[in-house]
Amino acid sequence: AGIINFCANNYLGLSSHPEVIRAAVEALEKFGAGLSSVRFICGTQSIHKELEEKIARFHQREDAILYASCFDANAGIFEALLTPEDAVLSDELNHASIIDGIRLCKANKYRYKHMDMQDLEAKLQEAQKHRLRLVATDGAFSMDGDIAPLREICQLAQKYDALVFIDECHATGFLGPNGRGTDELLGVMDKVTIINSTLGKALGGAAGGYTTGPKPLIDLLRQRSRPYLFSNSLPPAVVGCASKALDLLMESNAIAQSMAAKTQRFRSKMTAAGFTISGKDHPICPVMLGDARLASVMAEDMLNRGIYVIGFSYPVVPKGKARIRVQISAVHSDEDIDRCVDAFTEVGRKHGALR
């Protein structure tokens with residue numbers, strides 16, 4: 001029956017959507033394979049400006065700036081925005097790209113315990129001596145499938161006069177009523193100042209990232225952000241497919257809404273079978289196993305049964321927290337999900353993960 005992919009970031013199935021593919025081909029034919037230039041020389045074409053405007057409109061922000069990846073967006077924002085007089089407060093489980101971006105800046109650095117609002121408040125109190133305070137967090141955390149408590153974060157930010165930055169790579173396109181992300185899901189779109197996200201997951205799965213937020217910030221990044229200034233602009237085909245993916249999302253929320261039922265089906269069936277699934281209501285569904293070797297051999301046996309999943313262990317996740325991270329997509333049918341659960345149950349019993 002072939003192999004079903006349950007480990008891709010292709011949350012909405014748009015990387016193989018015929019309209020998305022057609023848009024990429026049309027952009028390729030019209031603008032060529034690439035522009036052989038950075039943005040400020042001859043790497044800016046109409047499609048780049050149109051996509052930036054579309055991203056800002058989708059997120060209901062003033063402006064947006066494109067990068068080669070969200071890793072680049074995270075590498076480019078903190079250094080450009082923050083000075084030695086400022087402070088950045090980061091969740092301890094933030095993505096490596098956020099951590100690396102923060103390392104590049106000269107701001108005072110505070111790390112708070114994962115989603116611990118009491119610890120964040122203590123760090124905000126300590127950081128009051130600095131000129132500007134920026135709270136940085138993943139919107140949805142990629143390893144555990146948990147969602148940042150943005151309502152509480154924004155309340156604390158307002159109380160202590162701080163800005164809020166969120167990385168939405170594992171939220172854009174499918175979380176919230178219209179797929180706009182965790183800030184829409186939790187009703188704080190007007191309280192989050194800066195959003196970084198990717199075009200390489202739900203929005204077509206190719207490449208590219210962006211920052212969206214206040215226009216003065218975007219203007220600053222165009223002048224000061226090194227990954228933007230010194231990286232070639234996005235290839236036209238990538239821009240074309242991402243632009244069409246956003247069109248599809250803004251025309252209808254049907255694809256985004258389909259994710260909730262599919263995610264619930266997998267999580268409930270796996271829990272009923274006896275597995276521990278980390279996170280809550282997110283299509284990232286980590287099957288917690290604890291032992292690195294167990295995660296590896298189970299993933300191999302799953303592939304032999306036609307289910308493609310990958311085991312994660314240290315140093316990608318903490319020691320003793322090995323897991324198989326399953327990712328649900330809108331293109332998975334109920335039959336696909338049931339087949340995956342059946343394979344997990346069979347393999348789990350074989351290797352002693354289930355009794």
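**Close-up 1. Q327 and the residues around it in strand β12.**
In this predicted model, Q327 sits in strand β12. With a relative accessible area of just 1%, Q327 is buried, because buried here means under 20%. The side chain of Q327 makes a polar contact of 3.1 Å with the side chain of R325. Leaving aside residues up to four places away in sequence, Q327 touches F6, C7, A8, N9 and Y11, along with P283, I284 and H332.

**Close-up 2. The open sheet β9-β12-β11.**
Here's the sheet that β12 belongs to: three strands in the order β9-β12-β11, with antiparallel pairing. The edges are β9 (284-290) and β11 (310-312), each of which pairs on one side only. On average, and ignoring direction, neighbouring strands of this sheet are turned by 30 degrees against each other. As general background, strands of a sheet pair through backbone hydrogen bonds, either parallel or antiparallel. Look at the β11 and β12 pair and you'll find three bridges joining the two antiparallel strands. Take I310: its bridge partner in β12 is R325, the residue whose side chain also has the polar contact with Q327.

**Close-up 3. Helices α12 and α13 against the sheet.**
Helix α12 (residues 254-273) lies across β9 and β12, and runs at about 20 degrees to β9. Helix α13 (residues 292-304) packs on the sheet too, touching β9, β11 and β12. The direction of α13 makes about 35 degrees with that of β12.

**Close-up 4. The D144 and R323 salt bridge.**
Back to β12, this time at R323. The side chains of R323 and D144 meet in a salt bridge, 3.3 Å from N to O. D144 lies in the loop between β5 and α7 (150-159), while R323 is in strand β12 (residues 322-327), so the pair ties together parts that are 179 residues apart in sequence. Are these two partners buried or exposed? D144 counts as buried at 17% relative accessibility, and R323 is buried as well, at 1%.

**Close-up 5. The R131 and E85 salt bridge, a link between two loops.**
R131 pairs up with E85 in a salt bridge whose closest N and O atoms are 3.9 Å apart, which still counts because the cut-off is within 4 Å. R131 comes from the loop between α6 (117-126) and β5 (133-138), and E85 from the loop between α4 (70-81) and β3 (87-91), so the salt bridge ties together parts that are 46 residues apart in sequence. R131 is partly exposed, with a relative accessible area of 49%. E85 counts as exposed at 52%, because exposed means over 50%.

**Close-up 6. The K123 and D119 salt bridge within helix α6.**
This one stays inside a single helix: K123 and D119 both lie in α6, four residues apart, or about one turn of the helix. The closest N and O atoms of their salt bridge are 2.8 Å apart. D119 is buried, with a relative accessible area of 13%.

**Close-up 7. A salt-bridge network of R39, K49, E52 and R222.**
What links R39, K49, E52 and R222? These four residues are joined in a network of salt bridges. For the wider picture, the model has a count of 20 salt bridges.

How values were computed. Residues are numbered from 1 along each chain as its sequence is written. This is a predicted model: local features need pLDDT of at least 70, side-chain atom pairs count only at pLDDT 80 or more; totals for chains, interfaces and linings use all residues. Side-chain values use heavy atoms; hydrogens and water are left out. Buried means under 20% relative accessible area, exposed over 50%, partly exposed in between (1.4 Å probe, protein chains only). A polar contact is a pair of N or O atoms within 3.5 Å; within protein, one must be able to donate a hydrogen and the other to accept it, and residues adjacent in sequence count only if both atoms are side-chain atoms. Contact means heavy atoms within 4.5 Å. Two strands pair if DSSP finds at least two bridges between them. Axes are lines fitted to C-alpha atoms, for helices over the stretch in contact, and angles run from 0 to 180 degrees between N-to-C directions.
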